[in-house]
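Colleague: I would like a close look at a single part of this model. Please take one strand and work outward from there to what surrounds it.

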Amino acid sequence: MTDTVVIALPYFRKDAERIAAFLGADVALYTPEIFAEAFRSRKRIAALMSMGIVVRKIAPLLDDKWTDPAVV
């Protein structure tokens, strides 16, 4: 497991795999609980989906800009 994960909707799986290969990251397909899991174990999260989905899922997880993982 790496410090970086690319989380993607199944439709974007191929793109996620290419991005992950470039970054040396893991790929995870979207599930309702994937962001909570990633916040506990990763330093960097790249998301391939609507930003609305990302914002709604990470909002309850945010704690501190100095300790939360980077999300793009």
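What follows is a request about one strand and a connected reply.

Colleague: How many of the residues of strand E1 (residues 4-8) are buried, which strands does E1 pair with, and in which sense? Please go on to the segments around E1 and to helix H1 as well.

Modeller: This is a predicted model, and what I say about E1 should be read with that in mind.

I start with burial. Strand E1 covers residues 4-8, and 5 of its 5 residues are buried, so the strand is largely enclosed by the rest of the structure. The side chains divide between two directions: Thr 4, Val 6 and Ala 8 point one way, while Val 5 and Ile 7 point the other way. Both sets are buried. In a regular strand, side chains alternate between the two faces of the sheet. Burial here means a relative accessible area under 20%, and each of the five residues named meets that cut-off.

Next, the sheet. E1 belongs to an open sheet of 4 strands in the order E2-E1-E3-E4, with parallel pairing. The edge strands are E2 and E4 (70-71), each of which pairs on one side only. Strands of a sheet pair through backbone hydrogen bonds, in either a parallel or an antiparallel sense.

On one side, E1 pairs with strand E3 (residues 44-48) in the parallel sense, over 5 bridges. Within this pairing, Val 6 has Ala 46 as its bridge partner, and Ala 8 stands opposite Leu 48. E3 is itself largely enclosed by the rest of the structure, because 4 of its 5 residues are buried. Beyond E3 comes E4, joined to E3 by 2 bridges and running parallel to it. Ile 45 of E3 has Val 71 of E4 opposite.

The other neighbour of E1 is strand E2 (residues 26-29), paired in the parallel sense over 4 bridges. Val 5 of E1 has Asp 26 as its bridge partner in E2. To get from E1 to E2 the chain passes through H1, and this β-α-β crossover is right-handed.

The segment before E1 contributes a salt bridge, one of 4 in the structure. Asp 3 pairs with Lys 43, with the closest N and O atoms 3.9 Å apart. This contact links distant parts of the chain: Asp 3 lies in the segment before E1, and Lys 43 in the loop between helix H2 (34-41) and E3, 40 residues apart. Asp 3 is partly exposed, at 35% relative accessible area, whereas Lys 43 counts as exposed, at 52%. The contrast with the strand is plain, since the residues of E1 itself are buried.

The structure also holds 1 aromatic pair. Tyr 11 and Phe 12 make up this pair, which is edge-to-face, with 5.0 Å from centre to centre and 85° between the planes. Tyr 11 is exposed, with a relative accessible area of 72%. Phe 12 counts as partly exposed, at 27%.

That leaves helix H1 (residues 13-23), through which the chain crosses from E1 to E2. Two further salt bridges can be described here. In one, the side chains of Arg 13 and Glu 17 meet at 3.1 Å, N to O. These residues are 4 apart in H1, and therefore separated by about one helical turn. Arg 13 is partly exposed, at 42% relative accessible area, and so is Glu 17, at 34%.

In the other, the side chains of Asp 15 and Arg 18 meet at 3.2 Å, N to O. Asp 15 and Arg 18 are 3 residues apart in H1, again a separation of about one helical turn. Arg 18 counts as exposed, at 59% relative accessibility, while Asp 15 is partly exposed, at 30%.

A nonpolar patch also lies on the surface, formed by Ile 19, Phe 22 and Leu 23, with about 330 Å² of accessible area together. Of these, Leu 23 is found in H1 and is partly exposed, with a relative accessible area of 44%.

To return to the strand in question: E1 is largely enclosed, because 5 of its 5 residues are buried. Its parallel partners are E3, over 5 bridges, and E2, over 4 bridges.

Note on methods. Residues are numbered from 1 along each chain as its sequence is written. This is a predicted model: local features need pLDDT of at least 70, side-chain atom pairs count only at pLDDT 80 or more; totals for chains, interfaces and linings use all residues. Side-chain values use heavy atoms; hydrogens and water are left out. Patches are made of residues with over 30% relative accessible area and no salt bridge: like charges are joined within 9 Å, nonpolar side chains (Val, Leu, Ile, Met, Phe, Trp, Tyr) within 5 Å. Accessible areas come from the Shrake-Rupley method with a 1.4 Å probe; for residues, only the protein chains shown count as cover. Buried means under 20% relative accessible area, exposed over 50%, partly exposed in between (1.4 Å probe, protein chains only). Two strands pair if DSSP finds at least two bridges between them. A crossover is right-handed if, with the strands pointing away from the viewer, the path from the first strand over the helix to the second runs clockwise. Rings of Phe, Tyr and Trp (its six-membered ring) pair if their centres lie within 6.5 Å; planes under 30 degrees apart count as stacked, over 60 as edge-to-face and the rest as tilted.
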